[in-house]
Protein chains: 2
Amino acid sequence: MTTSTLNMATSIKNDLILRTLKGASTERFPVWMMRQAGRYLPQYIALRNKYSFFERVQTPELAAEITLQPVDIIGVDAAILFSDILVIPQAMGMEVQLVEKLGPLLPDPIKTTNDLDRLQVPDIEEKLGYVTSAIKLIKQELNGRVPLIGFAGAPWTLLCYMVQGKGSKTFDEAKAFCYQHPQLAAQLLQKITDSTILYLKAQIKAGADLIQVFDSWGGLLSKTDFETWSLPYLSQITAAIQQEAPVILFAKGAWQSLPDMANTGARGLGIDWCIEPETARKLAGKDIALQGNFDPSKLLLPIPELKKEVERMLTRFGTDCWIANLGHGILPNIPVDHARAFVETVKNFERK
Amino acid sequence: MTTSTLNMATSIKNDLILRTLKGASTERFPVWMMRQAGRYLPQYIALRNKYSFFERVQTPELAAEITLQPVDIIGVDAAILFSDILVIPQAMGMEVQLVEKLGPLLPDPIKTTNDLDRLQVPDIEEKLGYVTSAIKLIKQELNGRVPLIGFAGAPWTLLCYMVQGKGSKTFDEAKAFCYQHPQLAAQLLQKITDSTILYLKAQIKAGADLIQVFDSWGGLLSKTDFETWSLPYLSQITAAIQQEAPVILFAKGAWQSLPDMANTGARGLGIDWCIEPETARKLAGKDIALQGNFDPSKLLLPIPELKKEVERMLTRFGTDCWIANLGHGILPNIPVDHARAFVETVKNFERK
C-alpha cells in the first residue's frame, strides 16, 4: 500500500471494512449492500425520472449524489461508486445502450478479429474522466465518514456482454465464441484486462479506498472453464492493483474456485446465499475476508423475522473476518425500512 | 417394483438406463438429453409452426410423434414424454399461457388463502387423460426399443410459477410469499405434491418406465430454505412412487443438498456442469446413479473438440453408475449433427 493510500485510510473515521480486509478482528462486522445506490430508494427514483442512465453515470455531481444516498439514508459502512460495469466496453469503443427495465444492448457485438481490432485500450482520463471526477467529488463530500469502494466488471463477464450483445440466461453465444475461437477470446480478455487495470488504478489514484471486481457470470462456467476464461484475468487484475488498494473478488456462483481466488492476492471474496458460510470458509481458507451472504429476497421478510435471519447469519460468521452484505444486488421492491433494518441489525450485533 | 413394471422392463431391448438406476455396472453409459424433443430439431419446428404449444402437448398423436423424434433421429437411449411441468397447475385449476419465446404466464397467481382454496387436487384421468393417452401411444410406437421417462416439476418449482405468475431470475415474489405466509406456502406445496403423486402414478400405470422430477429453481434457495421448501416434498413424491418406478431427482444448482437427496430413495440425481463429477460423487455417495453433466453450450464446439470434451467427461465418470446427459436442456441453436455427435461419442466410448 502506498503512503498516500495509507494516509487516506487513516483519515477515514469508519475504517471497519479496511481493517477487516487487513485481517484484523473488528469490534463489529462492517456492512454494505450491493446495489445499495439503487431503485429501492425514492431519492434515487427521483433522479432516475429526471435523467437518463448515462446522464446519471457520466455527470459527476449526479453520480456523487447517488453514491452518497445510502450512506446518508441507510447508514452503511462503505460507499460504492455509482456507475456500471459496461463503461469499459463503451470506453474501448463499443456502443452500449442501457434501456430501463430491458437491460444492456450492445448492437454491434464482437465476432471477428476485425471487431477486436477496432477496440482500444482507452486513455482513461479522456474516456472515463467523468468517473475519476465523480470519485474526487464523492471523497470530498464523504469527508472521511466511510471508505469508498471502486469497482469494475471481471473480463469474463464483460466478454459475455461484448460478444452476446445483450443479457442472457446462458450466454451461450459468448461461450461458443470462446470455444470456437479460443485465441481470439484470449486476446479480447487480455485487452479488457489491460483496460480494467488502467481504469482501477485511476479510480484508486482519484481516491477509491478499496476495489471490488464483479464476475456476475463466473458461475455459468464449469470449474475448468472458469480456470481458462476468468481466473487468469482476475489474477492479473488483482496482482496489478493489490499494492495500491485491497481487492474483493465476487464471482457469483463460482464456489468451486474459491480456493483459487483466495490465492490471487485478493483480500476478500464475495459469496452468494447458495453456499453455506462454513463451507465457503473451508474452501477459501482462514486468511481472507469473506463477504455476503444474505439472500436479497429475505429483505422482504417482516422486520422481526428479518432481524432474526440476519442474526442467524452473523452467528454463523463466527469470529473470522467477514463483511456483512447481500449475496447479490438489492431488489427494487425492498422497502427502505427493511434495508435499514438489515444494516442496523448488523451494527447492533455483538460479536462473541 | 411391481411385477407388471418388471415385466415391462424386461421386454425393453435397450434397458441400459434402467440397469444403471438399479446400480448395475453396464457395458457402456446410457445417454439422453434434456429437452431432446425440442427446438433444435427441424422436425419439431415443423410441428411447432403448425400447432400451438398446448395443441402439441394435449394431442396424444402429436405428443407421441414429438417424443419419438429424438429416438429416431438422434438415437438416444431413452425417450422422454413431450409435455410441460405447468400442466399440473393447469389441471389444478389455474390458467396457464405459454407464449412462444416469452415463456409461461399465469395471469391469476396465488396470493391468498382464497386463491389456494380454488385449487383442486385433480382427477387425473379427467384433467390429464391426454398425457396417459400419449404415454400409451408412445409405448406402442416405441415397441420396447428404449424406456420411456415420465416427468413432473418439483413442488417448489411449480410454486415459483404459481405465485410469481411468470418466469423470473430471482423468483423473489414466490420467495416472499413463502417467507411472509409460511403456513399457506406449506399448504400449497402439499396440494401440489398430492397432485403430482397421483399424476406420476398415472404416468407409470400408463407405461412410463422411470420418472424424473425437475426442480429447475431449487438452486435459487439457500441450503436451509431448500430443506424447508423443496426437499420434504421431493421426499414425499419419491417415497410414494419408488416402488413402482425408479426416480431421478434433478434440482439444478442445489449441490449442497445432494447428500439429502441421495437419502430420499431416489435412484438417480441430476447435476449441472457447475459441479465437478468427482465432487458430486463425493456428496451423493456411491449408492446412487448420477446424471449429467455436459454444458449445453459446449455442443456448439466444432465436432472433433466436442467429442474430446465428451470423452473427457466420461473418463471422469469412472466405473460408477452414470447416465450421460447435458447439465440443462439442449439449446435451440444446436446443429442436429452436433447433438448426434454427443450421443454417438457416449455410445462409442469404452468404459475402463
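**Notebook: sheets, core and the A–B interface**

I began with Thr196(B), which I found in helix α11 of chain B, a helix running over residues 182-206. The model I am reading is a predicted one. I looked up how far Thr196(B) is covered, and the relative accessible area came out at 0%, so I list Thr196(B) as buried. Setting aside residues up to four places away in sequence, I noted that Thr196(B) touches Ile88(B), Ala152(B), Gly153(B), Leu158(B) and Ile237(B).

**Sheet of chain B**

Two of those contacts, Ala152(B) and Gly153(B), took me to strand β4 of chain B, which covers residues 148-153 and pairs in the parallel sense with strand β5, residues 210-215, over 5 bridges. For one register point I took Phe151(B), whose bridge partner in β5(B) is Gln212(B). I then traced the whole sheet of chain B, which is open and has 7 strands with parallel pairing, in the order β1-β4-β5-β6-β7-β8-β9. At its edges I find β1 (79-80) and β9 (322-326) of chain B, each of which pairs on one side only.

**Sheet of chain A**

I went through chain A in the same manner, and there I read an open sheet of 7 strands, parallel in its pairing, with the order β1-β4-β5-β6-β7-β8-β9. Why do I list β1 (79-80) and β9 (322-326) of chain A as edge strands? Each has a single partner strand, so one side of each is left without a neighbour in the sheet.

Starting from the β1 edge, I see that β1(A) pairs with β4(A) in the parallel sense over 2 bridges, and that the bridge partner of Ala79(A) in β4(A) is Leu148(A). β4(A) also pairs with strand β5 of chain A, residues 210-215, in the parallel sense and over 5 bridges; here I noted Val213(A) in β5(A) as the bridge partner of Ala152(A). At the other edge, strand β8 of chain A (residues 289-294) and β9(A) pair in the parallel sense over 5 bridges, with Phe294(A) bridged to Leu326(A) in β9(A).

I checked the burial of β4(A) separately: 6 of its 6 residues are buried, so the strand is largely enclosed by the rest of the structure. Leu148(A), Gly150(A) and Ala152(A) point one way from β4(A), while Ile149(A), Phe151(A) and Gly153(A) point the other way, and all are buried.

**Nonpolar core**

The largest nonpolar core holds 281 residues, and I record Leu159(A) and Leu159(B) as those with the most contacts inside it. Leaving out neighbours within four places in sequence, I listed the residues in contact with Leu159(A), among them Ala174(A), Phe177(A), Cys178(A), Leu188(A), Leu189(A) and Ile192(A), and also Gln164(A).

**Interface of chain A and chain B**

I turned last to the interface, where chain A and chain B bury about 2,500 Å² between them, with 55% of it on carbon and sulfur atoms. On the side of chain A, Tyr179(A), Trp255(A) and Cys274(A) lose the most area to chain B, together 22% of what that side buries. The contact takes 29 residues from chain A and 29 residues from chain B.

I count 4 salt bridges between the two chains, and one that I looked up joins the side chains of Asp225(A) and Lys298(B) at 2.9 Å, N to O. The elements giving two or more residues to the side of chain A that touches chain B are α10 (172-180) and α12 (223-229) of chain A, and α10(A) gives the most, with 5 residues.

Note on methods:
Residues are numbered from 1 along each chain as its sequence is written. Chains are lettered from A and ligands numbered from 1 in the order in which they are written. This is a predicted model: local features need pLDDT of at least 70, side-chain atom pairs count only at pLDDT 80 or more; totals for chains, interfaces and linings use all residues. Side-chain values use heavy atoms; hydrogens and water are left out. Two strands pair if DSSP finds at least two bridges between them. Helices (H or I, at least four residues) and strands (E, at least two) are DSSP runs, numbered from the N terminus. Buried means under 20% relative accessible area, exposed over 50%, partly exposed in between (1.4 Å probe, protein chains only). Contact means heavy atoms within 4.5 Å. A nonpolar core is a set of buried Ala, Val, Leu, Ile, Met, Phe, Trp, Tyr and Cys residues joined through side-chain atoms within 4.5 Å. Buried area is the accessible area (1.4 Å probe) that two parts lose on being put together, summed over both.
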